[in-house]
Amino acid sequence: MKAIILVLILFFQLTSSQAQSQDDEGQLKQLIQGSFDKIFSELDTASIQTFYTPDFILLENGEVWDNDKIAAYMLRARSAENRPVRTNRFEFIEVKISGNTAWLAYHNYATFSRDGSEQRKLYWLESATAVRTPVGWSLDMLHSTRVEQE
């Protein structure tokens, strides 16, 4: 009887941790999608503190961006007349979670449209790291490499 109870406890612990891992993976994918939608599409400066840690850095084609540089970029972009609408799409390659840290690799596709007409498409290969905080997952680093499209 004790053996059956032990097996059942182990089974429930295993299925519980697998469900938590799947839930975390979904949250992390949504963290990437949401951060790009709010920060780089909507240019919502308040979202920086929602999605990024205070010491966040973005490594973008040889440049290092911190939260202040991202906010300054957003303010300049918001002031542009007739600025294009950015639509983001992601294809995730891998998500690895280890305790309170996570690592993601993904393809980032952005389409820029103006007045309903597609103007430009860009594509990046990216990786990100995230940490679990008391309020959920937050990004602490993105590394972005622009990929030329044929």
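**Figure 1. Salt bridges in the predicted model.** The structure, a predicted model, holds seven salt bridges. Side chains of opposite charge can pair when their charged atoms come close. Three of the pairs are shown in the views that follow: R132 with D24, K38 with E42, and E91 with R89.

**Figure 2. Close-up of the salt bridge between R132 and D24.** The closest N and O atoms of R132 and D24 are 3.1 Å apart. This pair links distant parts of the chain, with R132 in strand 5 (residues 117–133) and D24 in helix 1 (residues 2–41). In sequence, the two residues are 108 residues apart. D24 has a relative accessible area of 3% and is therefore buried, since buried means under 20%. R132, at 31% relative accessibility, counts as partly exposed.

**Figure 3. Close-up of the salt bridge between E91 and R89.** The side chains of E91 and R89 meet with an N to O distance of 2.7 Å. E91 has a relative accessible area of 35%, so E91 is partly exposed. R89 is also partly exposed, with a value of 43%. Elsewhere in the structure, salt bridges that share partners join K38, E42 and D44 into one network.

**Figure 4. Close-up of K38 and E42.** A salt bridge connects the side chains of K38 and E42, at 3.0 Å from N to O. K38 is partly exposed, with a relative accessible area of 29%. E42 counts as partly exposed at 44% relative accessibility.

**Figure 5. Close-up of F56 and its contacts.** F56 lies in strand 1, which covers residues 52–60. Its relative accessibility is 1%, so F56 counts as buried. Leaving aside residues up to four places away in sequence, F56 touches W65, D66, N67 and I70, as well as L139, D140, M141 and L142. F56 and T129 are 73 residues apart in sequence, and their C-alpha atoms are 9.7 Å apart in space.

**Figure 6. The whole protein, for orientation of the close-ups.** The protein has three helices and six strands, which follow the pattern α-α-β-β-α-β-β-β-β along the sequence. Of its 150 residues, 34% are buried; F56 and D24 are among them. Among contacts with a separation of 6 or more, 52% are between residues 24 or more positions apart. The accessible surface comes to about 9,400 Å², and carbon and sulfur atoms account for 54% of that surface.

Methods: Residues are numbered from 1 along each chain as its sequence is written. This is a predicted model: local features need pLDDT of at least 70, side-chain atom pairs count only at pLDDT 80 or more; totals for chains, interfaces and linings use all residues. Side-chain values use heavy atoms; hydrogens and water are left out. Helices (H or I, at least four residues) and strands (E, at least two) are DSSP runs, numbered from the N terminus. Buried means under 20% relative accessible area, exposed over 50%, partly exposed in between (1.4 Å probe, protein chains only). Contact means heavy atoms within 4.5 Å. Accessible areas come from the Shrake-Rupley method with a 1.4 Å probe; for residues, only the protein chains shown count as cover. A salt bridge is a side-chain nitrogen of Lys or Arg within 4 Å of a carboxyl oxygen of Asp or Glu.
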